[in-house]
Amino acid sequence: MSYRIPDTFIAEHNAKLVSGLDEDYAALGRRLERSGVDIETVTSKVAAFAVAVPTWGVGTGGTRFARFPGPGEPRDIFDKLEDCATIQQLTRATPACSPHFPWDEVSDHGELAERAKALGVRFEAVNSNTFQDQPGQKPSYKFGSLTHSDKAVRDQAIEHNVECIETGRKLGSKALTVWIADGSNFPGQSNLNRVFDRYLESMSAVYAQLPDDWRVFLEHKLYEPAFYSTVISDWGSSLMAAQALGPKAHCLVDLGHHAPNVNIEQIVCRLIHAGRLAGFHFNDSKYGDDDLDTGSIEPFRLFLVFNELVDAEQRKAPGFDPAYMLDQSHNVTDPIESLMASAMETQRAYAQASLVDRAALEAAQEANDVMLAHRLLKAAFTADVSPILAEARRRGQGAIDPIAAYRASNYRAHKTKERPAVAGSSSGIV
Ligand code: LRH
Ligand code: MN
């Protein structure tokens, strides 16, 4: 029988922390009341907030240089689901995971759906993969997939995406995320217009296979692995494609897929305006697509993104239904600790953005009172909402301090015994 953290253990761990939390929560409640905010409203919104865990993120990640697997690494999707369930058990913020195929492929999808159900984890968007060749795969994706010059390669990529939809349907998912690495490394290597036409042609074939209640998420990325041009390199290309494909096509924003200093919150605002914001792959970065822990480098940027999301939520923006997912690579931390910390940082940004006095902000903006407008936003960002996050977890039978509870549970030590180490280190992101 594989080890699960007993719920009684979490309750015992909370018992030592609850009086401190009650004190902090009451103090914050009084402070927020002074600025006309009912803390209970924010706590219930946070309790309902959910962000999905990437199945490829629960194992140790790596770079092209090396990967240093940690102890108790998940060996397959069943181990990964266990770890996703543990993250949910402690944070109560991650009821779903986002799988990746064929990395998570199994022979019996029914068994996988059953196991996930038993663990209390549901499936968010499924991710296709035409950026790697599988062993013995012919033809190769070396020079592209959905936009390859050879129709046989494009058909193979279309077929894989359609298979992912089929698998996702069996798992109860309602969306397909399509990120392709297609692009070029040299000027002249590809015709920038023709490859975009081929993308639309191939994606139309995938789009045609979407069940009525499904969506397809187009994920743009500025560069890597292509280093001169990427077919879907920015929100503009993604939005053009989504609008050409049809109403089920939406644009997914991976925070790490932009040039340094790009105003991502404004991109989010525009995609909401177009009614085409699919959702997010949250992470953080300092240079490129670093896939670092969400909120670990630029927490103010994350807050500004959530400020746009809460504004849209409150003004009931048409078609606003974003899917929140993490997409990170954990090279030097315990992936479970990083994913719990990151889920809590997205909750933090959401709670802070929910504190913004939007009526006063609008009045200051309309009056061009620049300093007041900025200070109103900063006031929300600098509010310590930790008691709200912890209280939302406690009410959900989660852990007041998930990382401390996780460490005290020795979950990783238990998994290290259960999961024989995978021999040798390799390179690559997973
Ligand atoms: C591409 C990406 C994409 C996933 C992959 C693991 O950089 O963000 O979302 O398929 O990472
Ligand atoms: Mn991503």
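Q: What is the strand order of the open sheet of three strands?
A: This is a predicted model, so the strands here are read from predicted coordinates. The pairing in this open three-stranded sheet is parallel. Its order is β1-β2-β3.

Q: Which strands stand at the edges of that sheet, each with a single partner strand?
A: A strand with a single partner has one side left without a neighbour in the sheet. That is the case for two strands here, residues 53-54 and residues 122-123. They are β1 and β3.

Q: Which residue in β2 is the bridge partner of Pro54?
A: β1 pairs with β2, residues 96-98, in the parallel sense, and two bridges link them. One partnership involves Pro54. On the β2 side, Pro54 is matched with Ser98.

Q: What is the order of the open sheet of six strands?
A: The pairing in this sheet is parallel. β4 (126-127) and β11 (323-326) have a single partner strand each, so they stand at the edges. Reading across, you get β4-β5-β7-β9-β10-β11.

Q: In β5, which residue is the bridge partner of Asn127?
A: β4 and β5 (residues 175-178) run parallel and pair over two bridges. Look across from Asn127 into β5 and you find its bridge partner, Thr177.

Q: How many residues surround ligand 1?
A: The closest ones are His100, Glu219, Lys221, Asp254 and Asp327. By type, the shell splits into four nonpolar, three polar and five charged residues. The count of surrounding residues is twelve.

Q: How much of the area that ligand 1 exposes when taken alone does the protein bury?
A: Some polar side-chain atoms sit by ligand oxygens: one of His100 is 2.8 Å from an oxygen atom of ligand 1, one of Asp254 is 3.0 Å from an oxygen, and one of Asp327 is 2.7 Å from an oxygen. Taken alone, ligand 1 exposes 300 Å². The share of that buried by the protein is 95%.

Q: Is Ser237 buried or exposed?
A: Ser237 belongs to helix α8, residues 235-245. Beyond its neighbours within four places in sequence, Ser237 touches Phe196, Val231 and Ile232. Its relative accessibility is 15%, and the cut-off for buried is under 20%. So Ser237 counts as buried.

Q: What is omega for the peptide bond from Phe101 to Pro102?
A: Most peptide bonds are trans. Pro102 sits in the loop between β2 and α5 (109-119). The bond from Phe101 to Pro102 is cis, with omega near 10 degrees.

Q: Which residues does the cis peptide bond with omega of about 5 degrees join?
A: Go to the loop between β7 (215-219) and β8 (229-230), where Pro225 has its place. The bond leading into that proline is cis. The pair joined is Glu224 and Pro225.

Q: What is the relative accessible area of Asp291?
A: Asp291 is in the loop between β10 (277-282) and α10 (299-314). Its phi is positive, near 50 degrees, although Asp291 is not a glycine. Asp291 is buried, and its relative accessible area is 13%.

Q: Where does Asn410 lie?
A: Asn410 is a non-glycine residue with a positive phi, near 55 degrees. With a relative accessible area of 44%, Asn410 is partly exposed. Asn410 lies in the loop between α15 (402-409) and α16 (411-418).

Key: Residues are numbered from 1 along each chain as its sequence is written. Chains are lettered from A and ligands numbered from 1 in the order in which they are written. This is a predicted model: local features need pLDDT of at least 70, side-chain atom pairs count only at pLDDT 80 or more; totals for chains, interfaces and linings use all residues. Side-chain values use heavy atoms; hydrogens and water are left out. Two strands pair if DSSP finds at least two bridges between them. Helices (H or I, at least four residues) and strands (E, at least two) are DSSP runs, numbered from the N terminus. A residue is near a molecule or strand if one of its heavy atoms lies within 4 Å of it. A polar contact is a pair of N or O atoms within 3.5 Å; within protein, one must be able to donate a hydrogen and the other to accept it, and residues adjacent in sequence count only if both atoms are side-chain atoms. Accessible areas come from the Shrake-Rupley method with a 1.4 Å probe; for residues, only the protein chains shown count as cover. Ala, Val, Leu, Ile, Met, Phe, Trp, Tyr, Cys and Pro count as nonpolar, Asp, Glu, Lys and Arg as charged, and the others, Gly among them, as polar. Buried means under 20% relative accessible area, exposed over 50%, partly exposed in between (1.4 Å probe, protein chains only). Contact means heavy atoms within 4.5 Å.
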